[in-house]
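Visitor: I'd like to learn how to read this fold from the overall picture down to single strand pairs. Could you walk me through it?

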Amino acid sequence: MRDHFELTSHDGAGRCGTFHVPRADVTVETPALLPVVNPHVQTLPPAELESTFGAQILITNSYIIHGSDDICEPIREQGLHEFLDFSGAIMTDSGSFQLAEYGEIDVTTEEILSFQHEIGSDIGTPVDIPTPPDVSYERAHDELQTTQERLELAETIETGDMLVSAPIQGSTHPTLRTEAARHARETTLDMFPIGAVVPLLNEYRYADIVDLVAAVKAGLGQSGPVHLFGAGHPMMFALAAALGCDLFDSAAYALYARDDRYLTVRGTRHLEDLTEFPCSCAVCTAHSPQELEALDDAERHDLLARHNLAVSFAELRRIRQAIRAGRLMELVETRVRGHPTLVDGFRTLFEHDQWLEATEPVAKDTFFYLSAESARRPEVRRHHDRLARLTTPDTLLLTAGNPHDSFEESWRLVPPFGPVPRPLSDVYPLTAELPENLDRAAYESAAQGICTLADTHPETSITVYHDDWPDEALSMLPKTVTVERLGETEHKEADLLTDDSEPTHSYSGAPETDQ
């Protein structure tokens with residue numbers, strides 16, 4: 001982890017931190033949003049971004065400034081901070097977006113980094129090659145090599161206390177993204193933008209984005225901060241934060257406003273389709289949709305941009321609080337219901353369960369089971385993995401009913417976790433809050449836990465008393481497990497549970513042995 005980035009709390013891969021930008025002498029709380037400011041057309045004054053919305057950092061385009069006769073010299077003379085009237089940190093892009101759009105630009109990495117330093121940028125960016133999605137492996141590999149050569153060149157350029165980013169490319173090839181991330185981590189550069197994801201975002205390809213970011217994180221480890229370049233819609237911030245992204249940049253607040261589009265955490269609405277505003281920001285409490293529609297274009301777009309920024313910054317505050325409270329995954333489960341492709345992305349996240357489990361805290365607040373996806377959370381995987389560590393008796397009852405003190409060999413049976421020894425009943429996450437009507441995924445996950453216990457303890461005779469489990473879950477159980485319905489067989493417990501020996505269970509280490 002770079003010295004200027006400090007982790008303050010985390011919830012799974014999601015993390016809160018502080019990002020110190022020395023040239024501006026500003027410390028940014030992450031996850032953070034960088035509003036995109038066009039140096040020619042400022043939808044909202046940068047000073048207001050800071051004073052009204054709490055922006056600690058913004059991003060503008062040094063390539064546009066470099067090629068603009070009307071503003072280049074004034075900015076050279078005044079410096080970016082004075083020209084934009086912004087005292088927070090300023091990051092500058094290099095023109096790579098224009099390279100992706102138009103095929104070529106007329107500056108080199110040396111020229112643009114030196115120019116960014118000259119105009120007072122706090123975080124500069126070299127000229128990387130933004131390889132689009134779905135190109136051949138060969139093309140992506142060749143262009144990645146060019147980007148890596150430019151990162152190595154950027155290390156040699158004198159930039160004083162201006163930080164320099166190390167963009168990570170590789171198209172939609174996970175192995176290249178991981179290779180690029182490892183290379184970037186080994187440089188002396190300071191932050192890690194994940195590039196060329198805007199086409200995926202525009203096409204709502206969130207499953208591909210999850211795979212791509214997970215591949216990057218595999219190469220970066222805990223290094224940071226990680227910037228998801230071009231991610232500006234608040235409906236996907238929570239999912240991206242759960243992947244370990246620390247910075248987002250948004251031109252959406254302005255671009256959408258010019259098209260009369262209204263951002264929410266559940267998607268985008270056209271102003272003409274709204275009867276009431278579902279928001280309590282200053283714009284929405286002072287105006288109705290009809291009043292905004294009646295305004296002239298300039299005033300309407302200004303107010304919509306203010307709303308769009310307000311909802312975006314509010315979502316970042318909500319995410320930071322969720323991380324600190326250990327509630328990020330519950331927030332993500334709620335947010336992804338805003339669009340089916342976000343659900344696809346969320347489900348894809350759990351295909352990286354080994355990485356997620358390695359980042360998950362051992363203890364936090366109560367686990368809430370909210371949907372079928374809850375059964376795939378890393379806490380459930382961890383419980384299943386640790387069942388192998390437990391010491392079991394010769395005969396064991398797993399019951400969906402309440403354990404009874406006189407039955408020392410009965411364990412609880414708790415979907416989605418499965419077998420739960422009584423001494424662990426008050427340990428996170430086994431204190432989970434569950435709905436009364438569970439879905440099939442919860443029972444199937446519990447059945448998988450029973451299978452794991454049976455596979456790792458073949459010497460133990462296991463009996464399961466269930467309370468109307470679905471047939472699909474029961475069919476998963478091995479034939480060595482005796483299965484009976486709770487209620488019809490409760491009278492058998494006294495015959496089955498006659499051993500008075502003390503139970504021995506432990507999560508913390510290897511199975512206990514006889515002394």
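Guide: Happy to. Keep in mind that this is a predicted model. Let's begin with contacts: residues 24 or more positions apart make up 68% of the protein chain's contacts with a separation of 6 or more.

Visitor: And what share of the 515 residues counts as buried?

Guide: Burial here means under 20% relative accessible area. In the protein chain, 56% of the 515 residues count as buried.

Visitor: How much area does the chain expose, and what part comes from carbon and sulfur?

Guide: The protein chain exposes about 21,600 Å², with 46% of that supplied by carbon and sulfur atoms. As for dimensions, its C-alpha atoms fill a box of roughly 90 × 55 × 40 Å along the principal axes.

Visitor: How many helices and strands should I look for?

Guide: You'll find 22 helices and 18 strands in the protein chain.

Visitor: What about charge: how many positive and negative side chains are there, and how far apart are the centres of the two sets?

Guide: The protein chain carries 38 positive and 87 negative side chains. The centres of those two sets lie 2 Å apart.

Visitor: Now the sheets. How do strands pair in general?

Guide: Strands of a sheet pair through backbone hydrogen bonds, and the pairing is either parallel or antiparallel. For an antiparallel case, take the open sheet of three strands, ordered S1-S2-S3.

Visitor: Which strands stand at the edges of that sheet?

Guide: Strand S1 (5-11) and strand S3 (26-30) do; each has a single partner strand, so one side of each lacks a neighbour in the sheet. From one strand to the next, the twist averages 15°.

Visitor: How many bridges hold S1 and S2 together?

Guide: Six bridges, in the antiparallel sense, pair S1 with strand S2 (residues 14-21). To find your register, go to Glu-6, which stands opposite Thr-18 in S2.

Visitor: Where would I see parallel pairing?

Guide: Try S14, which runs parallel to strand S17 (residues 461-466) and is joined to S17 by five bridges. Within that pair, Leu-397 has Thr-463 of S17 as its bridge partner. S14 also runs parallel to strand S15 (residues 410-414), through three bridges. There, Leu-398 is matched with Trp-411 in S15.

Visitor: Why is S14 described as largely enclosed?

Guide: Count the buried residues: strand S14 (residues 395-399) has four out of five buried, so the rest of the structure largely encloses this strand.

How values were computed. Residues numbered from 1 in each chain as written. Predicted model: local features only at pLDDT ≥ 70, side-chain atom pairs only at ≥ 80, totals over all residues. Heavy atoms only, no water. Helix = DSSP H or I, 4+ residues; strand = E, 2+ residues; numbered from the N terminus. Buried < 20%, exposed > 50% of the residue type's maximum accessible area, 1.4 Å probe, protein only. Contact = heavy atoms within 4.5 Å. Areas by Shrake-Rupley, 256 points an atom, 1.4 Å probe, with all protein chains shown as cover. Lys, Arg positive; Asp, Glu negative; His and termini not counted. Charge placed at Lys NZ, Arg CZ, Asp CG, Glu CD. Pairing = 2+ DSSP bridges. Axes fitted to C-alpha atoms, helices over the stretch in contact; angles between N-to-C directions.
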